[in-house]
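User: I'm new to reading protein structures. Could you walk me through this one, a bit at a time?

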Amino acid sequence: MNKTHCPFASSARMWVAPKYNQKISLEDNVKLIVPVFAKFAKVARYELLDGFVIEIADHRAGDTIESLGKTLRSVLTYLSLNDPRALPRKNIMSQDINSVFWQYQFSNTTMFITTFAPCYPTSHPRYSFDIPSTFILFQAQNSLTI
């Protein structure tokens, strides 16, 4: 978070996912993230946490808008399928994500999601400062209220 356009980033209280392992699949990496992400969702409100960051250390994950979209959908789907608090067969990603009412939820916590990736130009606020990784930032809805 040393390089960012966000004026709040330097004082943000963040949790970071376990380091991405390029020797295993994206799905297997996300499975390793689930327990930490579940704990974040559980304590974010009480610990006044601002966000949770997943770094996907694979330049192909976000080198184009299309690959970024595919990567993001895969990560959100894998997380949802392994959500410890989701009702049986209630995968948030199987709902109409084009609906204005759709919101991502994990462990009964509504999340706002932002991505930062190599596909964004230097003039874009989601530009990743030439870092060949894709970053997915989850902010629990309660962290967005003042």
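Here is a short run of questions and answers about this predicted model.

User: What order do the elements of the protein chain run in, from the N terminus on?

Analyst: Let's begin with the parts list: the secondary structure of the protein chain comes to two helices and five strands. Read from the N terminus on, those elements go β-α-β-α-β-β-β.

User: In what order do the five strands sit in the sheet?

Analyst: The five strands make one open sheet, and the pairing in it is mixed. Neighbouring strands of this sheet are turned by 35 degrees against each other on average, direction ignored. Going across the sheet, the order is β1-β2-β5-β4-β3.

User: Which strands stand at the edges?

Analyst: Look for strands with a single partner strand, because one side of each of those is left without a neighbour in the sheet. That picks out β1 (14-16) and β3 (104-106).

User: How many bridges join β4 to β5?

Analyst: β4 covers residues 109-116 and β5 covers residues 134-140, and the two run antiparallel. You can spot some of the facing residues yourself: isoleucine 113 stands opposite phenylalanine 138, threonine 115 has isoleucine 136 as its bridge partner, and phenylalanine 116 has phenylalanine 135. The number of bridges joining these strands is six.

User: And what is the bridge partner of isoleucine 54 in β5?

Analyst: Here we're at the pairing of β2 with β5, which is antiparallel and spans five bridges. In β5, the partner of isoleucine 54 is isoleucine 136.

User: Is β5 largely enclosed or left open by the rest of the structure?

Analyst: Check both faces. On one side Thr134, Ile136, Phe138 and Ala140 are buried, and on the other so are Phe135, Leu137 and Gln139. With seven of the seven residues of β5 buried, the strand is therefore largely enclosed.

User: How many of the eight residues of β4 are buried?

Analyst: A residue goes in the buried group when its relative accessible area is under 20%. By that test β4 is mostly covered, and its buried residues number six.

User: Which residue in the turn between β3 and β4 has a positive phi?

Analyst: β3 and β4 pair in the antiparallel sense over three bridges, and one of those partnerships puts tyrosine 104 with methionine 111 in β4. The two strands form a hairpin with two residues between them. The turn residue with a positive phi, about 55 degrees, is serine 107.

User: Now the helices. At what angle does α1 run to β2?

Analyst: Helix α1 takes up residues 26-47 and lies across β1, β2 (51-56), β3, β4 and β5. Helix α2 (residues 65-81) packs on the sheet too, touching β2, β3, β4 and β5, and makes about 45 degrees with the direction of β5. As for α1, its angle to β2 is about 170 degrees.

User: Does α1 count as oblique or roughly perpendicular to α2?

Analyst: The axes of these two helices come within 9 Å and cross at roughly 50 degrees. Roughly perpendicular would need 65 to 115 degrees. The crossing is right-handed, and the class for α1 against α2 is oblique.

User: How many nonpolar residues are there in the contact of α1 with α2?

Analyst: From α1 come Leu26, Glu27, Val30, Val34 and Phe37, and they meet Thr71, Ser74, Val75, Tyr78 and Leu79 of α2. Sort the contact by class and you get two polar residues and one charged, while the nonpolar ones number seven.

User: What is the relative accessible area of phenylalanine 40?

Analyst: Phenylalanine 40 has its place in helix α1. Leaving aside its neighbours within four places in sequence, phenylalanine 40 is in contact with Trp15, Leu49, Gly51, Phe52, Met111 and Phe138. Phenylalanine 40 is buried, and its relative accessible area is 0%.

User: Last one: is serine 128 buried or exposed?

Analyst: You'll find serine 128 in the loop between β4 and β5. Setting aside neighbours within four places in sequence, serine 128 is in contact with Phe116, Ala117, Pro118 and Ser133. Its relative accessibility is 5%, so serine 128 counts as buried.

Notes. Residues numbered from 1 in each chain as written. Predicted model: local features only at pLDDT ≥ 70, side-chain atom pairs only at ≥ 80, totals over all residues. Heavy atoms only, no water. Pairing = 2+ DSSP bridges. Helix = DSSP H or I, 4+ residues; strand = E, 2+ residues; numbered from the N terminus. Axes fitted to C-alpha atoms, helices over the stretch in contact; angles between N-to-C directions. Contact = heavy atoms within 4.5 Å. Buried < 20%, exposed > 50% of the residue type's maximum accessible area, 1.4 Å probe, protein only. Parallel < 35°, antiparallel > 145°, perpendicular 65-115°, else oblique. Left-handed = near helix turned anticlockwise from the far one by under 90°. Nonpolar A, V, L, I, M, F, W, Y, C, P; charged D, E, K, R; others polar.
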